[in-house]
Amino acid sequence: MLKRLLSSGLLAMWVASVAVVTPGCAGEEGSDSSVPPDEDLRPVSTLSQDERAFFLRRTHFCVRPSELAQLNALGYEDYLDWMLSMPSTAALETAGKSAMIADVNFPGSHEIVQYWTYLMVNSSNPFQEMLALFWHDHFAASTDALVGDNNWWAYSHMDLWRKETTGSLNSLLYKMSTDWLMLAWLNGIESTKTAPNENFAREFWELFTLGADNGYTQADIQECARSFTGDRSVFQADYFGAGLDSRVIQWDSNRHDNTSKAVFGQTVNGNGQAEYQDIVNLTLGQRGTQVATFICRKLWEYFCYLNPSSDLLSNLASGLIASSWDLKALYKRIFMSKAFFSSRNRDGLIKSPLHYHIGYMRNTGLLMGWQRVRYSLEACGQVPSRPPTVNGWPVEMSWLSSQGVIERANFIRDLNNYQSEQPGYDVGNSIIPAGQTGDAAVVDYLCWLMQVTLEPAQRTRCIDYLNNDYNGSSVKFAQPWDFSDATQRNKKIRGLLYILSQHPSYQVR
Amino acid sequence: MNDATQLSRRSFLRAGAALAGVAALGALPRGRSEGLKAAPLPNHKRLVVLNLLGGNDGMNTVYPATGTAASTYLSRRPTLGFAAGAGLALSGLPDFNLHPALGGLQTIWNAGDLAIISKVGYPTANLSHFVSEDIWSTGARNFTGLAVPGWVARYGNLYAPTGTGVVSVGMGRRLDFEGATANPLLLDSISSFQLEVDYTNSNNHNYRVDVLKANLNDQPATGRAGEIAAAQKAALDAAAQVQAAKTAYATFAATSGVVYPNTSGMTWSAAKLVNSLKDVAALIYGGFDTRIYYTGMPGGFDTHSAQLTGHDALMSGLASAILAFRDDMVAMGTWNDTVIVVFSEFGRRNYENGSDGTDHGHGNYALALGGPGTGGLYGDPVTATDINLEYLGYTTDFRDVYKHAIQAHLGNDPAPVFSESYSVTKAMTFL
């Protein structure tokens, strides 16, 4: 019904009439008109083109004209439904593996990084990859935990974040607890009934569901660690065919502590491998409000703004619990909310290096050797499949350390310097629409495309840049802008992209 | 929900950064006013803080070698424990040995320049890496609501308020620096700390750089964009200074005879320390006015499994890196102005786990090295009773170590840097 109301524009009138006729009366979401705009979870009515572009900029790495057109054609809510339906990406994955990985059974850890980067740059559903990054950061596990020929375990690990995060949180937590890379990363495969390892049990609550010191004790951790015992890594000859050995994870009931445990004051009976699910159920059952609040806060701080109010969180969290932990409904509620389009939210979050790099490549179509992209991500400190610690990556101004500022500029420089790796690609002709090729029009169009806000003096200087150049002594000379001159077009469009990509407003998403 | 989680770590960092940005909107004072010199600033005292991230196993770094302490240690660590004599002797201190890979530290001990401080920690153990790190980074057990979150930032704001007064190398933007008013220099390495030229059109590239810098100067100092522009301008200013220091140091290093360990084949975290300490040396040689350098080994110490080989590589890298740095400071004639404090967010369990590793603990050794120091064992020595506990307790608050270094070496009043009161306290005398 909501969808119909939205498309007919009736909802806006209905919401407005509620606010006007009965101010202070509870609205559809249990909110009232006294809720501050940045906490208002009631659905938006109509969205301007600018607001739609903002949604893409925040959740799709960048604004691509083709994606905005797709959103406009479907309408906002239908577009959300489409993007959250996670259409199959099998063809993309096949192409990515073929381009990035020499031996698909035995990828190297660098190949895994480049494969994931390829998916992010080339996906036709960029939200899927943005969301995967959120969960990858939240459940931060690194291929550093893998040895020898086991890096293929990363395929199912990354697909957990790419494909399994629109169902219930309960099911996601269970799948995460049995994921092979996670079992290796947090010592699950070394944890046995005679020597339970606390690492996973601790992080399961501290980092994944509850937050530090929030509703569990050291004794709970020790008991819980005994439930998470029994998986082991075993060598399998000829696993991928004759002579192609590998290691796999298998359940071994002899290593599982099947005696009863006391967690949160409840008894967890010996239940074999099913105890992993029992612990998930117990955590969501006994600590549901804490879990929902913790997850909603993390998600809100990734897609919206930092430090949301406790009212907002409790509103979101109770919705999550009421929906039986339906993550898709939670995402949709966030993106449909008025708060998402509030001025506080539009103030901006600092792009992480992946947001910045992937966004720029998707924005401009400029690519280079994938190894170079990886080097830059390493220098910037954000390599997909290799978070630095179990706490994931830093956020916000942390990314704009002195070094981070320099590395961002050097990445854009690399995409100019290695243009021999972009055979046949004319960036100016590819991204500037016909009819907008004059000096001021080019500056204004690129500012829209990149969502950069220039001060008047900066805009004048950028137009001036298009009409001049430097000689070998850095002395400026006049060289009037001529878009039709391929050499000048290539030089100056790339230069303008470099300049705009270092503008303060391009650092926010 | 307790206080520590009311404000999430992410918000905490964000809030601190905003504060730094707002305060930096005015002129950006830089450390070097007279142009760079090819020598350390004369009589300029500095502290090098060296963080071993992940929870170093102190019990195997300095281990008991005599009496019931030694036998208890070995019985609790049948696989991981070192027998007396398996490690390195500490002359004049027969009760303890150093980890066998710490030869470089043994050399410094023999020179009388290594202080080993036992059982360092903070009130009420917290076995989480991140809570523990936050305590060390803020210098406060209750760290919510601090106006200036980082202790290094508080020191810098009070006593070294320039863009180079406090510097981090190879450790990212740590909470220790949040709230600094002068956009402190936080760099990964000096070699990568410069704008690369687009060689397809270097003339035009120079024009682009000038335009982007002029644009930053035109950015109003207000709002989010102003905060970001301040950070960007500070970075670009710093890059020029750092490259000058790098050039001067390269000339010096070519003839100093100091040899840093070869990093090929080293574990990544140790290689990072070698490179970071070399970079610190370059900044010192470049005449930077820095009072606190913050660096370290950014990982690898969370040895939950297969600890023996992993920890050995870390210890070996740590000792060889510090020894080379010491030699470099001696060659520059500035070892007597330099104190290094080595710490980790917590120690590990006294007993080994079933994966040939150790789980999180609390009390731990800290080390203080430098020309001005008096070597020896400080704090309460670890006893068999301590080792029979689950993990080491603490009898020296970590802030007593920092306070002593700030007062006795840097010559500043530490009280406003560490204002939280605490009851377990022990006066330090290693300086």
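**Tour: a helix in chain B, a helix pair in chain A, and the A/B contact**

Select F398(B), R399(B), D400(B), V401(B), Y402(B), K403(B), H404(B), A405(B), I406(B) and H409(B): these are the buried residues of helix 13 of chain B (buried: 20 or more other C-beta atoms within 10 Å of the residue's own, with C-beta atoms placed from the backbone; helices are DSSP runs of H or I, at least four residues, and strands of E, at least two, numbered from the N terminus). The model is predicted, so local features need pLDDT of at least 70 and side-chain atom pairs 80 or more, while totals for chains, interfaces and linings use all residues. Residues are numbered from 1 along each chain as written, and chains are lettered from A in the order written.

Extend the selection to residues 398-410 of chain B. Ten of the 13 residues in this helix are buried. Its end C-alpha atoms are 17 Å apart, in agreement with the 18 Å expected at 1.5 Å a residue, because the expected span is 1.5 Å times one less than the number of residues. Next, pick G411(B), just after the helix, with a positive phi of about 75 degrees.

Move to chain A and select helix 4 (residues 65-74) and helix 5 (residues 76-84). Q70(A), L71(A) and L74(A) of helix 4 meet Y76(A), D78(A), Y79(A) and W82(A) of helix 5 (contact: C-beta atoms, placed from the backbone, within 7 Å).

Finally, show both chains. Their contact takes 62 residues from chain A and 60 from chain B. On the chain A side, helix 21 (402-417) is among the elements supplying at least two residues; helix 21 gives the largest share, nine residues.

Definitions and conventions. Two residues are in contact if their C-beta atoms, placed from the backbone, lie within 7 Å. A residue is buried if 20 or more other C-beta atoms lie within 10 Å of its own, exposed if 12 or fewer, and partly exposed in between; C-beta atoms are placed from the backbone.
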